[in-house]
Amino acid sequence: MTWLHSGAIAIAGMLHLEKEGLLPAVTATDERHDTRVLKRMYGGERSRPALPGDSSTLRMTGAPRQRYGPGSKAESQELIVMKVAFTSCMSVQVYPQQPVWDWIAAAQPDRLLLLGDSVYLDVEAPKPPRQMSNNEFAQHLHHRWSSQLAQKQFRALLAQLGPGRTHAIWDDHDFLWDNACGAAIRAQPPQSSKIPLSNAFFKAFRAALDAPDGFPVAYTDPVFWNPQEPAPATPSLQLEADLWLHLSDGRSWRTETTFVAQDKRQLLGAAQRNKFGKAIAANPQALHLFANGSTSKDWKNYPNDWEWLKAQAAQQRTLLLSGDVHHNDVDAFHTGGLPLHEVTSSGAAVRDAVVVGKKEQNHGMLEISADTVEIRLFHKNVEQSELRRELSRQSWLPVA
């Protein structure tokens with residue numbers, strides 16, 4: 001996903017290559033840039049005037065805290081307003097033990113964000129979900145969701161965070177199966193009848209993040225069997241006075257791309273775009289965390305949605321939080337206004353190709369203060385320093 005191959009080139013190396021003319025020059029028409037290149041293009045850090053929602057008026061979550069861990073800027077004594085942990089892609093079938101939740105718990109975040117593929121319905125299943133009857137599919141859904149909720153390390157983290165502190169969206173594998181697109185499947189009986197079941201089970205999982213014992217004990221519970229069960233909610237949540245989290249749904253209304261004209265493709269769909277657009281525009285000075293399972297690489301296959309997201313980001317400070325790809329990454333994009341930043345954390349408890357390949361145990365952490373957003377990404381609880389970013393909340397550019 002990144003301009004630099006897999007983030008493997010260190011910053012010093014990147015600057016050397018750029019100086020020697022071995023990297024392309026940045027122009028105003030380039031869309032995609034590493035944040036350090038964005039800083040050169042947009043200008044350096046500027047002093048910050050007071051903004052609505054500054055630390056003097058910001059509602060704190062508990063006591064402010066200093067930065068933690070290796071590389072902390074202890075000398076700055078900068079106070080963290082909120083720490084948001086985030087990750088995606090986990091499977092009890094692949095990883096019965098999931099130490100990533102212990103590592104996150106040790107960092108004492110204020111929030112946890114699950115960015116999709118919290119279960120894999122189509123991996124090591126009794127048979128492919130497409131071939132299951134609705135009754136078989138409901139049993140399968142119940143087993144997969146209840147197994148993740150029963151995972152001891154995950155359950156302990158939920159208890160530590162407390163109600164209302166864990167938020168989840170879904171992606172293809174916990175919606176139906178690999179690359180499932182809701183708009184297409186709704187037109188494919190009998191597969192379409194599986195969508196209301198999946199909607200109901202995901203909603204029950206979301207509710208159980210606050211109270212795991214509240215997940216229905218039987219797949220036959222009437223809560224799961226409304227044939228008209230609507231898609232999960234896509235709320236915009238105010239985490240702090242000037243910090244918003246937008247939980248989008250990239251699967252329920254998604255069209256396929258094969259044989260679908262670009263102007264007809266939808267990732268979010270018009271209704272979601274309009275809803276989120278209003279919420280973002282109503283809070284122009286806030287920081288907006290936009291959660292979606294798909295990375296920018298996939299968004300670009302949906303021009304209506306990609307151009308919409310860039311237009312929002314041009315006017316409001318926007319950080320796209322994505323998953324799906326079983327590795328960590330960062331990226332940034334030119335919009336004609338403020339840059340759009342993206343951070344991806346994927347592979348909490350899977351292998352590189354879900355069941356084969358190297359083990360992936362990844363997570364990310366946002367350390368948000370009144371002045372900056374620090375992005376930190378971890379593989380097996382070791383920080384990937386080459387992916388670390390610190391952004392000014394005023395200029396929305398990297399801090400020197």
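## Overview

A helix here is a DSSP run of H or I with at least four residues, and helices are numbered from the N terminus. The structure is a predicted model. Its chain has 400 residues, and 56% of them count as buried. The secondary structure comprises 11 helices and 16 strands.

Contacts reach far along the sequence. Taking contacts with a separation of 6 or more, 68% are made by residues 24 or more positions apart. The chain exposes about 16,100 Å². Carbon and sulfur atoms supply 55% of that area.

## Confidence

The mean pLDDT of the chain is 86. A score of at least 70 is reached by 80% of the residues. The elements of the chain span a range. Helix H1 (residues 11-19) has the lowest mean, at 34. Strand E3 has the highest, at 99.

Two stretches call for caution. Over residues 41-64, pLDDT stays under 50. The model still gives that stretch 55 contacts beyond four places in sequence. Residues 66-77 also stay under 50, with 26 contacts beyond four places in sequence. Where pLDDT is low, predicted coordinates should not be read in detail.

## Nonpolar cores

The largest nonpolar core has 50 residues. Trp101, Leu114 and Phe205 have the most contacts inside it. Five elements each supply at least two residues of this core: helix H3 (100-106), strand E3 (111-115), helix H4 (134-150), helix H5 (152-161) and helix H8 (194-208). H8 gives the most, with eight residues.

Leu114 shows how this packing looks around one residue. Setting aside neighbours within four places in sequence, Leu114 contacts Trp101 and Phe205. Its other partners include Thr87, Met90, Phe154, Thr166, His167, Ala168, Ile169 and Leu209. Another core, of 27 residues, lies apart from the largest one. Leu115, Leu245, Leu289 and Val330 are among its members.

## Salt bridges

The structure holds 12 salt bridges. One of them pairs Glu136 with Lys127, with the closest N and O atoms 3.2 Å apart. Glu136 is partly exposed, at 32% relative accessible area. Lys127 is partly exposed too, at 31%.

A second example sits within a single helix. Lys310 pairs with Glu307, and the closest N and O atoms are 3.4 Å apart. Both residues lie in helix H11 (residues 303-315). They are three residues apart, about one turn of the helix. Which partner is buried, and which is partly exposed? Lys310 has a relative accessible area of 11%. That is under the 20% cut-off, so Lys310 counts as buried. Glu307, at 43%, is partly exposed.

Lys358 forms a salt bridge with Glu360, the closest N and O atoms being 2.5 Å apart. Glu360 is buried, with a relative accessible area of 2%. Elsewhere, salt bridges that share partners build one network from Glu367, Glu374, Arg376, Glu383 and Arg388.

## Backbone features

Where does a cis peptide bond occur? It joins Pro189 and Pro190, with omega about 5 degrees. Pro190 is placed in the loop between helix H7 (182-185) and H8. H8 is also the element that gives the most residues to the largest core.

Positive phi values appear in the loop between strand E14 (372-379) and strand E15 (382-383), where Lys380 is found. Lys380 has a phi of about 50 degrees although it is not a glycine. Asn381 lies in the loop between E14 and E15 as well. Asn381 is not a glycine either, and its phi is positive at about 70 degrees. Lys380 is partly exposed, with a relative accessible area of 39%. Asn381 is also partly exposed, at 36%.

How values were computed: Residues numbered from 1 in each chain as written. Predicted model: local features only at pLDDT ≥ 70, side-chain atom pairs only at ≥ 80, totals over all residues. Heavy atoms only, no water. Core = buried A, V, L, I, M, F, W, Y, C linked by side-chain atoms within 4.5 Å. Buried < 20%, exposed > 50% of the residue type's maximum accessible area, 1.4 Å probe, protein only. Contact = heavy atoms within 4.5 Å. Salt bridge = Lys/Arg side-chain N within 4 Å of Asp/Glu carboxyl O. pLDDT = per-residue confidence, 0-100. Areas by Shrake-Rupley, 256 points an atom, 1.4 Å probe, with all protein chains shown as cover.
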